[in-house]
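Work through the exercises below with the sequence and the coordinates open. Each task is followed by a stepwise solution.

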Amino acid sequence: MHRLRTCAARLRPLTASQAAQTVGQQRPITVTTSGGTRTFQPIRCYTAPVASEPFLNGTSSNYVEEMYYAWLENPKSVHKSWDVFFRNANAGAPPGAAYQSPLGLSAVSGLVDPQLSSLVGAQPNVEKLVEDHLAVQSLIRAYQVMGHHNAQLDPLGISCVNFDDAPVNTGFQDVDVAVFKERLRILTVGGFYGLDESDLDKVFRLPTTTFIGGSESALPLKEIIRRLEMSYCQHIGVEFMFINDLEQCQWIRQKFETPGVMQFTLEEKRTLLARMIRSTRFEEFLQKKWSAEKRFGLEGCESLIPALKTIIDKSSENGVEGVIMGMPHRGRLNVLANVIRKELEQIFCQFDSKLEAADEGSGDVKYHLGMYHRRINRVTDRNITLSLVANPSHLEAVDPVVQGKTKAEQFYCGDNDGKRVMSILLHGDAAFAGQGIVYETFHLSDLPSYTTHGTVHVVVNNQIGFTTDPRVARSSPYPTDVARVVNAPIFHVNADDPEAVIYVCKVAAEWRATFHKDVVVDLVCYRRMGHNEMDEPMFTQPLMYKQIKKQKPVLQKYAEKLIAEGAVSRQEYEEEISKYDKICEEAYTRSKDEKILHIKHWLDSPWPGFFTLDGQPKSMSCPSTGLTEENLNHIGQVASSVPVEDFTIHGGLSRILKGRGEMIRNRTVDWALGEYMAFGSLLKEGIHIRLSGQDVERGTFSHRHHVLHDQNVDKRICIPMNHVSPDQAPYTVCNSSLSEYGVLGFELGFAMASPNALILWEAQFGDFHNTAQCIIDQFICPGQAKWVRQNGIVLLLPHGMEGMGPEHSSARPERFLQMCNDDPDVMPTITEDFAVRQLYDCNWIVVNCSNPANYFHVLRRQILLPFRKPLIIFTPKSLLRHPEARSSFDEMLPGTHFQRLIPEAGVASERPEEVKRVIFCTGKVYYELTKERKSRGMEATVAITRIEQLSPFPFDQVKAESDRFMNADLVWCQEEHKNQGYYDYVKPRIRTTIQRAKPVWYAGREPAAAPATGNKNTHLMELRRFLDTAFGLDAFKDQQ
Ligand SMILES: Cc1ncc(C[n+]2csc(CCOP(=O)(O)OP(=O)(O)O)c2C)c(N)n1
Ligand SMILES: [Mg+2]
């Protein structure tokens, strides 16, 4: 509407001579200038201001424009009344006059006098004709905009979307006058546009914004309405008029309005019936064999299976070779069996409670497992790889993960526009409307570094969520309204009409292939059983379920239709059923031979060649993560220069780069350079790196500057990291949308696709990770245990108590540590490969590095390890610029490693037996402790040991350190509050290491509800207090 009003407002007068020159050439003009190519719309040449013409209002202007363009091309192509109007207007008729003075229809012939002398008086019938045409135009538009409200979408026939009036349920094969009036009243919200039943037989010219005419350009009103009813008010409801792109709207109109567009060949109908049979009989088979098992069956939405198969067939036809899918519980086993084609016996044996699990890990329930399968698409005869990503119960959480994996698959096969790999996401109606991650994922859909070039979304809209009705579960008319934010068309379809379902799925796949944008198919269906097969739905939805009990199953309805049409015989239908039942029975028999459950068979992302054939790491060691001096120097050069010509950077940045150059000359690195060395070297070794998160390009703390911006040329950027070496792997660094849940999920999915890439997500501040808690709790922490798949994602979480208040301080180390799977009470056997084996056994690695060299090593180790584990790094803020938090090249040379623990190496280590206290700590507090020790002159009496890798815990090295200082008492010092930070995690582990021979005292902040105080003074007082405790050798006397 807004667009139309703007168009109308843009109409502006031209002189008659200008008009004469432009007639016949009114097409957009493309001009190339120094600023690039620009397209200009021609100036509209009405001489009369818009406001003066009563019919040039917002809704009619579109129509008038169309008429005008048609007239410019050929004055005879429009009705004579329009011809007169435009001639008069171009001739300079004053406001209002052009409209009032067309000639009598039969009298119009030659040109109108440019001096307006021949303008003649208005004829009432012409005025009515113009108004009626405008009314018809508005009517067509009303159907396009609102027809879906009147479509018969609900197979149960009991619902009505949140529209003021209930739809008029007509079927509308013939236009009944009463119904027509009612329909007009609804579609035009009370206004009839001046049309009445006497107009039904009048012939109207059709505007170019409709395709209902087919080859005809004019139709009687009655026929116009009938065809609009057929297009917009049957079993398909098309919601698309909010899309602000004319070409896309036209494309959709053509797909749904063209007469006879929804026709199926006999072959297609028979394939559809066969697919419906498989979908239906699969559920029936499971119900028969395991009536007391939860399977979240598809009954009531059986057409989902042919729907998905159609999307895949059509996409394969368009060149897609890989489809990555994510879906919730409903119908998942059916999708595995009939879409992905998982062997039936593998599915059936999941129901056998006596089978033992063959693989390590805790496993997951059958309706969460993933799958990967490469096969020939029978319809297109082309290879296609289908994968279904494993997911937790948490509805919709898998959405961004699927998108990330899809993006990665596209990236690795050089598919820059999504022509070869695509994603399909399935949703439940309640979850689609309710879960914010759906919105967050939609917002990734068009971002350059996150787009997967269009996702097909399919909603199993069974009009219920567990026991909750839509009217209390969402505030929007449809569960799909969230998709409107990205201008995705939404095709609602009655799932009891399989042909309508197939049609919209074909259009959806074509839409994706044409525009590479998201699209939604809303399968309006019902749920025949309860939420699961054990639930009684009559408790809560008695009337709905009375109706459902009466509802004829969709397969039966469709089979009867095809039999009646003669497309298939009853015998053929029954034979097809027995054929599939037999397949199920035979698979069931085979499933009984399975002795063991292999979760590995349910892997969604295999990494060919990374493991040995039986899935083990190829070694249990990690080479040195150091680099040659030459390499360090070279990467340092890249980090401190601008590798392209004529590129003006900001003066402040020049100083930063100069500073980097100096550090390199002094053979030192700060935090940013340490990271540069790690990234640059891995890229050089062919490892793709992707760093994503809010403001990561510059770095929240303005320390990174991985993307340089030309100060004189808009959008001209340079990424020096991509200039390390000519044959390096590409570096992707991307500022993300402001969504932790969506972006972390996305990067996790990206990291799933290949082990040969370093994928990092950085939180703006560590505490913001909790809005992505579900990805951390459900995927990152237990992913391998549940789904036997590894993931090497790295989380960079800025952390530290720096007086910045309760937020922005803590990345909540206590939470990550609490979820580590190493046993605090068992001293592990220390073998030669202990350090690596321990990493192999853990569920994730948690580190807090105190210097840039160690950060450099841990990043490189992540790739040089022969397996993948998630890595959580608490990263510094003030240490980024701390003069002492620098490392020498010596700590990064060949032979050097990541130090899990940095032992005391100062004065205290000269006479260890005289040391009175060992303070164990981690991270930034180390610098506060050393400063305090120095000021107190206690270097000989207090040793300070840094635990850099908190988990898995370096039991061996902690033991060596406590043995070394055998006469010292042991203190854990942290800047966090006592109930937070690391204390609860390290204390029992240190105690186990020393066989509980001594206490482990605590020096740190008191327990607290908030992570930090908002008062700077209190912050400093707390710091002073715990430093006093840490260095007060009598501080714990009373507690002994
Ligand atoms: C995030 C989340 N919250 C709650 C649940 C519990 N739950 C499981 S299924 C379900 C209803 C889902 O309804 P809908 O999305 O319409 O799917 P349907 O079961 O109807 O196919 C709920 C609330 C869940 N799995 N995930
Ligand atoms: Mg539902």
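The exercises cover a ligand site, a helix pair and two backbone details.

This is a predicted model, in which local features need pLDDT of at least 70, side-chain atom pairs count only at pLDDT 80 or more, and totals for chains, interfaces and linings use all residues. Residues are numbered from 1 along each chain as its sequence is written, ligands are numbered from 1 in the order in which they are written, and side-chain values use heavy atoms, without hydrogens and water.

**Exercise 1.** Describe the shell around ligand 1.

Solution. Step 1: collect residues with a heavy atom within 4 Å of the ligand. This shell holds 15 residues, and His 329, Arg 330, Asp 429, Ala 430 and Asn 462 are the closest. Step 2: sort by class, with Ala, Val, Leu, Ile, Met, Phe, Trp, Tyr, Cys and Pro as nonpolar, Asp, Glu, Lys and Arg as charged, and the others, Gly among them, as polar. The result is eight polar, five nonpolar and two charged residues. Step 3: assign elements, taken as DSSP runs numbered from the N terminus (helices H or I, at least four residues; strands E, at least two). Helix α15 (residues 429-434) contributes the most, three residues.

**Exercise 2.** Find polar contacts (N or O pairs within 3.5 Å) of ligand 1.

Solution. Step 1: on the side-chain part, an N or O atom of Arg 330 is 2.9 Å from a ligand oxygen. Step 2: on the backbone part, Ala 431 has an N or O atom 2.9 Å from an oxygen of ligand 1, and a polar backbone atom of Ile 464 is 3.0 Å from a ligand oxygen.

**Exercise 3.** How do α10 and α20 pack?

Solution. Step 1: fit axes to the C-alpha atoms over the stretch in contact, with angles from 0 to 180 degrees between N-to-C directions. For α10 (residues 266-289) and α20 (residues 570-591), the angle is about 45 degrees and the axes are 9 Å apart. Step 2: classify the angle; under 35 degrees is roughly parallel, over 145 roughly antiparallel, 65 to 115 roughly perpendicular and the rest oblique. The pair α10 and α20 is therefore oblique.

**Exercise 4.** Inspect the backbone at Pro 952 and Gln 463.

Solution. Step 1: the Ser 951 to Pro 952 peptide bond is cis, omega near -5 degrees; Pro 952 sits in the loop between β28 (949-951) and α31 (955-964). Step 2: Gln 463, not a glycine, has a positive phi of about 65 degrees.

How values were computed: A polar contact is a pair of N or O atoms within 3.5 Å; within protein, one must be able to donate a hydrogen and the other to accept it, and residues adjacent in sequence count only if both atoms are side-chain atoms.
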